[in-house]
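The following exercises introduce a protein structure through worked solutions. Please attempt each task before reading the solution beneath it.

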Amino acid sequence: MTTHTAAQASSFGLGEHSTTTLRLASGNGPVCRTVLKASPRDAEPSEIPIIDISGISKSLAERLKVAGQVRDAATNNGFFYIKNHGIPSKVTDDAYRACLDFFRQSREVKDRANSERSKHFNGYKPPGSQRLNPFESIDLRETFSWTYDPRFDPAIDDPSAIPHIAQHLRCEDYHWEATANIPHLKEAVVAYWRSCLAVARDLVKIFALSLELSEDFFAAKFTYPDAALALNYYPPIPCSKSPGSPEEQLSIGSHTDFQLFTMLWQDDNGGLQVLNRQGQWINAKPIPGSFVVNIADYMQRITNDRYVSTVHRAQNLSGNERVSMPFFFGFNLNESCGVLDSCVAEGQEKKYEEISCIEWVRKRVAAMHKTEAL
């Protein structure tokens, strides 16, 4: 990282703190962010607001009210909490316990589900196998992940009758067969995924309303969505050395997500940090009963940068093991989308060309599984 002087930082509108330049990967190649060399602080409610989404199942007027709050958050730091989302605590609790049962096993047992033997990166990713930011430390985490499978989607009556999109689906049973020694893992994880999927489908309608579109505007684009789940296990970081330097140990490196949006359940240990518009790392502390939602890169593209895909990372300094369960949601992989006309004001131009979802995802996924430093 490049370090700037206090005078330079002031000229950037960042006060009297010295700064560094954070480099990170993106779908368009390496990008940079100016970051304050200051300890992370807790987010203010205005920076990461709490939105009550119980209104999404009520009248159009109530849905428009929620959409307005989502618009405000999406154009600010691109992060917000949702409460009254309808996902029972038993669903999240069961998935959390199943996660711990899996990750607390021996490495030998977990490796039976190693994603290297998967056709689609499904399954277990051991320590040292992930480096989300090639300019920072290797992630200090383990992950169990899987991608959209229509056999578990309650909205699909006959998975065998799926049309041409079937070539883009990444279905397999390998990771479930390899974890059959914990029979409740599949049951708990699928129940959690289904619950998130139902909320995500409602949120897409809210996002459409927030962009002054009809709430069914995107309906044809997420019939078989790119709805993936990652179960992340973060051991405690022994100590944080060289804060702000490439040697600083992170649980997961600085990055942006790459589809439409992400819904995250996190345990009460904390560690999620968001880079706000002033270049300050802020803590997205756990709020019981809530999910964190953040805008991802594809959403930023199609809104012509109106909605913000914000850099974030995780650093587990709690002294305890930590679990997070992010659910990533995007359009069908056979779909494409350009900049929305409603997001181009008079006198503005569209900043991005239309790109297919599968091409965009491939760009990011390939880089995500490389552990070499740059």
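Strands, like helices, are taken here as DSSP runs, a strand being a run of E with at least two residues, and they are numbered from the N terminus. The model under study is a predicted one.

**Exercise 1. Locate Ser324, decide whether it is buried or exposed, and list which residues it touches.**

Solution. Step one: Ser324 belongs to strand β16, which covers residues 322–330. Step two: the relative accessible area of Ser324 is 3%. Buried means under 20%, so Ser324 is buried. Step three: leaving aside residues up to four places away in sequence, Ser324 touches Ala230, Leu231, Asn232, Tyr234, Leu264, Trp265 and Gln266.

**Exercise 2. Describe how helix α3 packs on helix α6.**

Solution. Step one: two packed helices are described by the angle between their axes and the distance between the axes. Step two: for α3 (residues 89–103) and α6 (residues 183–210), the angle is about 140° and the axes are 8 Å apart. Step three: α3 is therefore oblique to α6. The crossing of α3 past α6 is left-handed. Step four: on the α3 side, the contact involves Val91, Thr92, Asp94, Ala95, Ala98, Cys99, Asp101 and Phe102. These meet His184, Leu185, Ala188, Ala191, Tyr192 and Ser195 of α6. Step five: sorted by character, the residues of this contact comprise nine nonpolar, three polar and two charged.

**Exercise 3. Treat the packing of helix α2 against α6 in the same manner.**

Solution. Step one: α2 spans residues 60–74, and its axis lies 8 Å from that of α6, at an angle of about 75°. Step two: angles of 65 to 115 degrees count as roughly perpendicular, so α2 and α6 are roughly perpendicular to each other. Step three: α2 contributes Leu60, Arg63, Leu64, Val66, Ala67, Val70 and Arg71, while α6 contributes Ile206, Phe207, Leu209 and Ser210. Step four: eight residues of the contact of α2 with α6 are nonpolar, one is polar and two are charged.

**Exercise 4. Establish how many disulfides the structure holds, and explain why Cys99 and Cys357 form no such bond.**

Solution. Step one: a search of the whole structure gives zero disulfides. Step two: a disulfide requires two cysteine sulfur atoms within 2.5 Å. Step three: for Cys99, the closest cysteine sulfur is in Cys196, 12 Å away, which is too far for a bond. Step four: for Cys357, the closest cysteine sulfur is in Cys337, 7.5 Å away, again too far for a bond. Step five: Cys99 is buried at 1% relative accessibility, and Cys357 is also buried, with a relative accessible area of 1%.

**Exercise 5. State where Asn84 and Asp305 lie, and what their phi angles are.**

Solution. Step one: Asn84 sits in the loop between β6 (79–83) and α3. Although Asn84 is not a glycine, its phi is positive, at about 55°. Step two: Asp305 occupies the loop between α7 (297–302) and β15 (312–314). Its phi is about 75°, likewise positive in a residue that is not a glycine. Step three: Asn84 is partly exposed at 47% relative accessibility, and Asp305 is partly exposed with a relative accessible area of 26%.

**Exercise 6. Characterise the surroundings of Tyr224.**

Solution. Step one: Tyr224 is located in the loop between α6 and β9 (226–234). Step two: its relative accessible area is 17%, so Tyr224 is buried. Step three: apart from residues up to four places away in sequence, Tyr224 touches Tyr148, Ile156, Ile162, Pro163, Ile165 and Asn332.

Technical notes:
Residues are numbered from 1 along each chain as its sequence is written. This is a predicted model: local features need pLDDT of at least 70, side-chain atom pairs count only at pLDDT 80 or more; totals for chains, interfaces and linings use all residues. Side-chain values use heavy atoms; hydrogens and water are left out. Axes are lines fitted to C-alpha atoms, for helices over the stretch in contact, and angles run from 0 to 180 degrees between N-to-C directions. Helices (H or I, at least four residues) and strands (E, at least two) are DSSP runs, numbered from the N terminus. Angles under 35 degrees count as roughly parallel, over 145 as roughly antiparallel, 65 to 115 as roughly perpendicular and the rest as oblique. A crossing is left-handed if the near helix is turned anticlockwise from the far one by less than a right angle, and right-handed if clockwise. Contact means heavy atoms within 4.5 Å. Ala, Val, Leu, Ile, Met, Phe, Trp, Tyr, Cys and Pro count as nonpolar, Asp, Glu, Lys and Arg as charged, and the others, Gly among them, as polar. Buried means under 20% relative accessible area, exposed over 50%, partly exposed in between (1.4 Å probe, protein chains only).
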